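Colleague: I'm new to this one. Could you show it to me and walk me through some questions?

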Amino acid sequence: MSVLSLKDVHVYIQGSHVLRGVTFEIPSNKVTALLGRNGVGKSTTLKAIMGLRQSTGEITLDGKSIHGKPTYQIVRTGIGYVPEDREIFSMLSVKDNLNIAVRDSEPNFDLVYSLFPELKTRTAQRAGTLSGGQQQMVAISRALLNRNQILLIDEPTKGLAPKLVTEVAESLARVAGESTMLLVEQNLALVKRVAEHILIMDQGKIIFQGEPSHLEDADFVHSMLGVGGRHN
Amino acid sequence: MDTFVLISITGVGLGALYFLVASGLSLIYGLMGVLNFAHGTFLVVGAFVGLWMSTQVFHTNSTFAFIVSMIVGGIGAGIFALIMEQLLITRLYNRHIDQALVTVGVALVVGAVLGGWFTNDLRLLPTPPWFINTVTIGKAFIPVDRFLYILTALALLGIFVGILKFTRIGLIIRAGVENRTMVTALGINVKRAFSAVFFLGGFAAGVGGVLIAAYQGGVTPLMAGSWLIYGFIVVVIGGMGSIGGSAVAALLIGITKQFVNYYIPGLGDFVVVILLVAVLLVRPQGLFGKVSA
Amino acid sequence: MLRWKYSRPLLGLLILITAIGPAIHLGFLAEPGMQQTLAVAFLYGALALTYDLLFGFTGLLSFGHAVFFASGMYLTAIFVNSAHMSLFPAAAIAIFITSLLATAVGAASLRTTGITFAMVTLAFGEAGHIIISRNFGNFTNGENGLALNADRVPSFFLGVANTRYLFWLALSVLAITYFAIWWVTQSSAGKVFQALRDNEVRASVLGLNPFVYKLLAFMIAGTLASIVGCAMLVISGSASPRFASAETTIALLLMVILGGAVTRWGAVIGGILYSLASTRLQDFSKIATQHHIPKVLSGPLSEPAFTLGLIFILIVMFAPGGLSGAYYRLRQSYFAKKSRKAETE
Ligand SMILES: Nc1ncnc2c1ncn2[C@@H]1O[C@H](COP(=O)(O)OP(=O)(O)OP(=O)(O)O)[C@@H](O)[C@H]1O
Ligand SMILES: [Mg+2]
């Protein structure tokens, strides 16, 4: 049973053809990892789903088309989005950053504070003064407060120290069990740990779909992802 | 010492008027990136609605009539701002230069319409009799009306801060000033916040228009000219999108202008402009502005 | 660029008709009043074109451009009146000083970008306007404006009978400006201006210093504007503070948008039409009053700003690219049709 499906999605940015017919389905209650070298269009794919980039093609969530709708309506059909560069509101307090994300009548603050106890002690702090890892926690928390059909998470460990990578990975693994997730990630160790399905992208197209076990094969990794795949 | 008190208080009074013009300008730019050249028009519309209220509805210059006219003037300007936003601005979504250009067009057209209907002559706005009184502080005689300007500006500052700090729409506006795209990516229809900001900005400018009419003795379609430019200057010095910044910058400019004009008559405007250039060259984002990416 | 190809015959025709018209006493062009009106319109066409170099070609939204126009006017008038110089040397020095002024103002303002740049130039413009209208140093005669001392103006520029020389002066200034801007925008520096407008990051990656090129554009536009200013001084006989105001720069912006940016001839046509409209719409509105149009309408109609503002809004909303944009769209669909027809035959 697939939750999200893309069919022949194309995106042009300033005249260059960035997505060249992306087609895939995201199975429900599983973590799907979207992999690929730098600049192949992973973030653009997420933005196209979110309605943040104009696209052509079909995009459906839970069987209903969301293509061409304004972003806020797409999100309200049940998407939690963690963008690549966190994009927290740096002038606002942690509390306000979380509050503004609330859509449900009973937001799940308990989950957020149990995953990231640090945030609870820092509710009044201005988000711009948080460390990079804490900012990422805020960004992830915004997506977890509401009941969503799917989470779109773009490189949650980018630019984090190894210790923080583990911490973020732990919390993602905890959430992973009960949710549908499309995770863009370069950290193969994390992918192997949480993903149950992988998509590999190159030059604006999906070139491989399948089991994460393929990632154990060094030649496969090398040919699909180049030497860029990080190991830690 | 007495002149010092006098100039300070009249400077604060002037700053209060600048704040009324600048606060909306700042929020509109900060949230939506719209450089609103029609803000002077909001001011004029507010003044005309206030004039109509006070002469056609009340026929009296009681304090109550003036205050109500002022509020109705604000509401009239707010509604005008909302109509302009819905009719023109929203259709040019994210085309910032075109949005600015359209507001220039609105300013021209509405100015011409009002000029055609009412001529450009000054029309007297009835003010409560106590407006011409003075109070003595120390040995300085302070015109009483200045305190009304200051109180009104403080009240509006309070309303703005209250809305921004304690309401959901305020939270959305504050977040939107920083990163509009992310606000929509959290499932929020940010256009509602745009409309709210246009109404509030129009309201403040309209209230300001009635007070400026009282300050200048009357209402004319041409009354906005230098006030709009001062509004821009205040916004830029204070930092686009920052209400507190606008308040501080308005005070700074009002007081500076009064002091310079007292010692070197006629040079106040010039010094303010130089102040602006100096601030921008040192801190392009303004005193309290966020650093743009 | 291709566009020059299209605009050349059009502009040539315009210049030919208008240049020969007064000489051969062609109809309405023989009237001094009309010649004067057209002369002013040509100068606005030229001025709008200098603004197009800034706004259209280089992407610099300046609100202080009018100051350089006014500086050309005032400095010439001051040198002629107070320093007892004759017109042409005075104008030459005025233009030179203005080019230095533009370089200085540009160097300061171009440290900022975008809306902040717009605001800094607005501030510089207001500073200039204030200096002129408050008569600092007793040079400018304040709000009353500064009349040019006619004794030092060549006699062929004086008197109603000689209005045709003013007309030709304006026309030559327009032609000179046009060719100067054509040359600049076709030059390699001009290509850099446009690259900077489209994508500053990419252009600077190529090792170009954006600041230098933008300053060059700013300086050239300011200098050309001062040349137009000198001509305007001769034609209108006096300088006035309103020429330095932000309203004048905004009018230039309207002209460029009206005619369409980046096509050169668009800005020229926009400037000419705007200027003619502001002087002639009033006559038009008198007719409206006579024909019993209700006062609700006739009032606003008697103000040129009403019609101009309305047209302006409509262009921004529905016809981006202005008149020249519409012209190219028409052409394109015409040729598309023609080629389709050719295919089917
Ligand atoms: N705003 C933009 N302007 C111009 N080009 C863009 C823009 N955004 C993306 N691109 C281009 O589109 C392509 C895909 O970008 P995208 O961000 O989707 O890559 P990615 O796969 O997420 O890479 P990374 O792993 O580095 O995050 C890149 O070549 C990028 O340069
Ligand atoms: Mg990416």
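What follows is a short chat about one chain pairing and one metal site.

Modeller: Heads-up: this is a predicted model, where local features need pLDDT of at least 70, side-chain atom pairs count only at pLDDT 80 or more, and totals for chains, interfaces and linings use all residues. Residues are numbered from 1 along each chain as its sequence is written, chains are lettered from A and ligands numbered from 1 in the order written, and side-chain values use heavy atoms, without hydrogens and water.

Colleague: How much area do chain C and chain B bury between them?

Modeller: Contact here means heavy atoms within 4.5 Å, and 37 residues of chain C touch 36 of chain B that way. Buried area is the accessible area (1.4 Å probe) that two parts lose on being put together, summed over both. Of it, 83% is on carbon and sulfur atoms, and the total is about 3,200 Å².

Colleague: Which side chains meet in a salt bridge there?

Modeller: A salt bridge needs a Lys or Arg side-chain nitrogen within 4 Å of an Asp or Glu carboxyl oxygen. The count between chain C and chain B is one. At 2.4 Å, N to O, the partners are B:D269 and C:R134.

Colleague: Is A:S43, a donor of the magnesium ion (ligand 2), buried or exposed?

Modeller: Donors are N, O and S atoms within 2.8 Å of the metal (3.2 Å for Na, K and Ca); water isn't among the atoms, so sites may look incomplete. Buried means under 20% relative accessible area, exposed over 50%, partly exposed in between (1.4 Å probe, protein chains only). A:E84 is partly exposed at 22%. With 16%, A:S43 is buried.
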